[in-house]
Amino acid sequence: MVVVDVCIAFLDMESVIFSTMLLLFFLTILFLFQRNTYSSKIPPGSLGLPLIGKTLSLLKAMKADKVNEWFQEGISKYGPIWKTNLFGYPTVVLNGTTGNKFFYTSTGGVLSNAQPPSVRRIVGPKNILELTKDDHKRVRGALISFLRLEVLKQYVAKVDEIQYHLQTQWAGKHEVQVQTLMKTLTFDVISSLLFGIERGPKREKLLPDFQHMIEGILAIPINLPFTQFNRGIIARKKLVPILIDLIREKREAIKEQKQVDAHKDLITSLLSIRDDNNFPLMSDEEIIDNVFAVMMAGYDTTAILLTFLVRVLATDESIYSAIAQEQEEIAKSKTRGEALTWEDLTKMKFTWRVTYEILRINPPFIINFRRTMQDIEYEGYTIPKGWQVIMSRSVTHMDNSIFQNPTIFDPTRFEKNAQLPPPYSFVPFGAGPRMCPGIELAKMEILAMMHRLVTQFTWVLLNKDEPFKRIPMPEFDKGLLVRIMPIKATSTPSETIMQT
């Protein structure tokens with residue numbers, strides 16, 4: 001048996017070496033082809049090796065939270081528009097408000113919303129991030145029918161089941177990993193709203209695979225064993241049958257019931273929407289891929305924002321006091337344990353301004369991708385058909401000419417009477433027709449959680465300088481460790497923090 005295992009291992013290694021050599025051969029041929037065929041009018045820069053290019057250096061910058069420095073290095077060498085190779089495609093990098101506007105407002109006939117190969121393979125080819133023209137409009141309309149404000153208002157009490165999370169995951173603990181718990185919380189909330197899966201083993205079983213999917217979406221698209229990309233693909237294969245079963249169950253429930261709450265959860269909503277001829281508006285494949293897309297957009301991003309909020313409140317006493325006072329005033333109008341309402345959330349204006357400033361400095365998704373549908377003339381350059389186009393929010397978010405002293409955390413930038421930043425400079429949720437449709441859902445989760453957290457606990461950081469890396473979204477090395485203290489029923493947050 002040992003000899004057989006050694007032989008198999010040798011053969012596997014030999015096949016890997018052969019595959020790698022074959023890949024390098026084709027990359028070299030592609031590199032020579034690119035070098036000899038691309039127009040001299042394309043933007044300056046270096047393509048480097050095909051497929052890989054500067055992918056490794058960008059991933060390294062993401063892990064060190066130095067994405068803005070990576071973009072600025074290219075700007076200093078080549079100007080606001082330059083070329084390289086990233087995630088398998090020749091790529092043009094756009095920078096500044098002009099680049100942002102072009103990126104977000106170009107129609108589907110010019111720029112498609114095509115993502116890197118890893119995103120397409122793991123999230124699925126029919127997701128809204130990939131669709132263009134009428135397909136994008138159709139699917140976006142279906143998603144918005146569930147995510148629009150009028151519908152979301154009825155889910156506030158459901159989201160406010162956060163109280164159960166705090167009772168079971170925070171109460172009685174002395175130290176917690178904030179980011180880990182926030183991921184559990186947002187996964188629970190979004191699983192209930194998207195899938196209609198309530199608390200229990202079935203929901204808990206889904207979480208590890210979703211995490212593997214997220215980790216693989218910006219990996220180098222080489223499908224070899226033990227790579228992040230491979231783990232992401234395997235995770236998707238395990239989750240698809242579960243979603244197929246959910247779709248079948250909910251379709252049968254719709255047939256059996258004469259009156260069905262179409263907004264019970266996202267899958268039920270998408271199954272209930274019909275076109276003018278009474279045919280389903282979306283196929284099962286589209287439903288699966290877009291549930292994955294919404295899950296990706298709403299699960300980790302909201303958890304990260306909540307984690308950064310906890311860190312800010314622990315490090316800035318003035319911001320903590322202002323948020324605590326705002327939340328105390330709301331708590332005074334409610335009995336203990338009473339569910340929040342939409343009207344309560346609208347009163348949390350300062351809390352949301354602090355969230356906006358976090359989104360400016362540390363947006364969860366820092367890079368966006370598009371693909372050219374034709375040769376494009378832009379700022380005197382030609383961007384060839386089929387090339388990837390990317391931009392980074394950090395370039396304008398951290399521009400001193402747009403936001404004075406951009407490294408200083410200052411929520412007053414977003415006060416009602418403050419001067420608004422120029423159009424297409426502050427784009428945490430995108431802009432134009434590609435604006436994120438889940439803004440209000442994220443806002444509802446964040447405000448409800450911060451109210452319950454601030455009125456029930458205080459906390460201190462165990463490591464004020466705990467670093468984080470982007471893989472591809474921010475991930476604290478120790479999950480942001482804090483020591484927590486419950487607030488007594490007779491005390492306010494401000495009184496408790498003074499006592500500690």
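This passage walks through a predicted model of one protein chain, from its overall make-up down to a few single residues.

Let's start with the big picture. The chain has 500 residues, and 49% of them are buried. Its secondary structure adds up to 21 helices and 12 strands. The accessible surface is about 23800 Å², with 56% of that belonging to carbon and sulfur atoms. The chain also folds back on itself a good deal: among contacts with a separation of 6 or more, 72% are between residues 24 or more positions apart.

Next up is a sheet. Five strands make an open sheet with mixed pairing, and reading across it gives the order E1-E2-E8-E5-E3. Strand E1 (81–86) and strand E3 (111–112) sit at the edges with a single partner strand each, so each has one side without a neighbour in the sheet. For E3, the link to strand E5 (residues 367–372) is antiparallel and runs over 2 bridges. One residue pair to look for here is Ser 112 with its bridge partner in E5, Arg 371.

Another pairing turns up further along the chain. Strand E9 (residues 457–461) and strand E12 (residues 481–486) run antiparallel and are joined by 5 bridges. Within that pairing, Leu 461 has Val 482 of E12 as its bridge partner. E9 is mostly covered, with 4 of its 5 residues buried. Leu 480 lies in the loop between strand E11 (474–476) and E12. Leu 480 isn't a glycine, yet it has a positive phi of about 60°. Its relative accessible area is 1%, so Leu 480 is buried; the cut-off is under 20%.

Helix H4 (residues 96–105) also has a covered side to its story. Its buried residues are Gly 96, Gly 99, Asn 100, Phe 102, Phe 103 and Tyr 104. The cover over these buried residues includes strands from the open sheet, namely strand E2 (89–94), E3, E5 and strand E8 (388–392). Strand E6 (376–378) and helix H19 are also part of that cover.

Helix H19 is worth a stop of its own. His 397 is found in this helix, and at 0% relative accessibility it counts as buried. What does His 397 touch, leaving aside its neighbours within four places in sequence? Its contacts are Leu 359, Arg 360, Pro 363, Phe 403, Pro 406, Ser 425, Phe 426, Val 427 and Pro 428.

After H19 comes a loop that leads to helix H20, and two of its residues stand out here. Asn 405 is found in this loop, and it has a positive phi of about 50° although it is not a glycine. With a relative accessible area of 46%, Asn 405 is partly exposed. Pro 433 is in the loop between helix H19 (393–397) and H20 as well. Pro 433 and Lys 137 are 296 residues apart along the chain, but their C-alpha atoms are separated by 9.2 Å. Beyond its neighbours within four places in sequence, Pro 433 is in contact with Tyr 104, His 136 and Arg 140. Tyr 104 has already come up as one of the buried residues of H4.

Now for the empty spaces. The structure holds 1 cavity of 30 Å³ or more, and the largest cavity has about 950 Å³ of space. Its lining takes in 46 residues, and those nearest its centre are Leu 129, Ala 297, Phe 365, Asn 368 and Cys 436. Sorted by class, the lining has 32 nonpolar, 9 polar and 5 charged residues. Helix H5 (117–123), helix H6 (133–147), helix H14 (284–298), helix H15 (300–315), E5 and helix H20 (439–456) each supply at least two of the lining residues. H14 provides the largest share, with 5 residues.

The second largest pocket comes in at about 380 Å³. There are 21 residues lining this pocket, and Tyr 164, Thr 184, Asp 188, Arg 199 and Arg 203 are the closest to its centre. Two or more lining residues come from each of helix H8 (156–159), helix H9 (162–170), helix H10 (178–195) and helix H11 (201–216). H10 gives the most, with 7 residues. By class, the lining of this pocket has 8 nonpolar, 6 polar and 7 charged residues.

Methods
Residues are numbered from 1 along each chain as its sequence is written. This is a predicted model: local features need pLDDT of at least 70, side-chain atom pairs count only at pLDDT 80 or more; totals for chains, interfaces and linings use all residues. Side-chain values use heavy atoms; hydrogens and water are left out. Two strands pair if DSSP finds at least two bridges between them. Buried means under 20% relative accessible area, exposed over 50%, partly exposed in between (1.4 Å probe, protein chains only). Contact means heavy atoms within 4.5 Å. Accessible areas come from the Shrake-Rupley method with a 1.4 Å probe; for residues, only the protein chains shown count as cover. On a 1 Å grid over the protein atoms alone, a cavity is a set of points where a 1.4 Å probe fits but cannot get out, and a pocket is an open set with protein on both sides within 12 Å along at least five of seven lines; lining residues have an atom within 4 Å of a point. Grid points are joined across faces, edges and corners, and a volume is the space filled by probe spheres set on the points. Ala, Val, Leu, Ile, Met, Phe, Trp, Tyr, Cys and Pro count as nonpolar, Asp, Glu, Lys and Arg as charged, and the others, Gly among them, as polar.
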